[in-house]
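Please look through the chain shown below. The paragraphs after it start from a single residue and work outward to the whole fold.

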Amino acid sequence: MIGAVTGVVVLVILVVVVIMSVGSARSYGIERIARCRAGHLFTSTVIPGASIKAVRLGNVRFQRCPVGHHWSLVSWVDPSTLTPEELAAARSRHDIRLP
Ligand SMILES: [Zn+2]
């Protein structure tokens, strides 16, 4: 009886820890502008050392483009090289909010 109660308590604590770590990972994420091979611009969340939605190949990633709805090699773009219109377009499109 005590063992079952302890098991439930441990399970609840584990669930809370996982939810909190996912929440903090989101707040630590860095928003970066990305461009796919077709030229689509969008915003992607980056968490250093973590990547579950993309295959990283050095500075290039293979991930789903939220603009063209296709898989593509994606590279980071320096926001200062974009026009205000391009920047606004990129910021209005965001991929899934996971690293
Ligand atoms: Zn694209």
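Ser72 counts as partly exposed because 19 C-beta neighbours lie inside 10 Å, while a buried residue needs 20 or more. This residue is found in strand E5. Setting aside neighbours within four places in sequence, Ser72 is in contact with Cys36, Arg37, Ala38 and Cys65. With Cys36 the sequence separation is 36 residues, yet the two C-alpha atoms are 5.9 Å apart. All of this is read from a predicted model.

How are the strands around Ser72 arranged? The sheet is open and has 5 strands in the order E2-E1-E5-E4-E3, with antiparallel pairing. Its edges are strand E2, residues 41–46, and strand E3, residues 55–57, each of which pairs on one side only. From one strand to the next, the twist averages 45 degrees.

Strand E5 covers residues 70–76 and pairs with strand E1, residues 30–36, in the antiparallel sense over 3 bridges. Within this pairing, Ala34 has Trp76 of E5 as its bridge partner. Strand E4, residues 60–65, is also joined to E5, here by 6 bridges, and the two run antiparallel. Two of the positions in E4 can be followed across to E5: Arg64 stands opposite Trp71, and Phe62 stands opposite Leu73. Phe62 is in addition the bridge partner of Val55, as part of the antiparallel pairing of E3 and E4 over 3 bridges.

The next topic is the turns. E3 and E4 form a hairpin with 2 residues between the strands, and in this hairpin Gly58 takes a positive phi near 70 degrees. The hairpin of E4 and E5 has 4 residues between its strands. Which residue in that turn has a positive phi? The residue is His69, with a phi of about 55 degrees. Most residues other than glycine have a negative phi. His69 has its positive value although it is not a glycine. Is His69, which lies in the loop between E4 and E5, buried or exposed? With 8 C-beta neighbours inside 10 Å, His69 counts as exposed, because the limit for that class is 12 or fewer.

Helix H2, residues 84–92, packs on the sheet and touches E1 and E2; its direction makes about 55 degrees with that of E2. One residue to look at here is Ala90, which is in contact with Ile33, Leu41, Phe42, Thr43 and Leu82 when neighbours within four places in sequence are left aside. Ala90 also belongs to the largest nonpolar core, which has 7 residues in all: Ala34, Cys36, Leu41, Phe42, Cys65, Val74 and Ala90. E1 and E2 each supply at least two residues of this core. In soluble globular proteins, nonpolar side chains tend to be buried together.

Now for the chain as a whole. Its secondary structure comes to 2 helices and 5 strands, and from the N terminus on the elements run α-β-β-β-β-β-α. Of its 99 residues, 11% count as buried. Among contacts with a separation of 6 or more, 61% are between residues 24 or more positions apart.

How far does the confidence of the prediction vary along the chain? The average pLDDT is 79, and 68% of the residues score at least 70. Confidence is lowest in helix H1, residues 2–28, at a mean of 60, and highest in H2, at 95. Where pLDDT is low, the predicted coordinates should not be read in detail.

Key
Residues numbered from 1 in each chain as written. Predicted model: local features only at pLDDT ≥ 70, side-chain atom pairs only at ≥ 80, totals over all residues. Pairing = 2+ DSSP bridges. Axes fitted to C-alpha atoms, helices over the stretch in contact; angles between N-to-C directions. Contact = placed C-beta atoms within 7 Å. Core = buried A, V, L, I, M, F, W, Y, C linked by C-beta atoms within 7 Å. pLDDT = per-residue confidence, 0-100.
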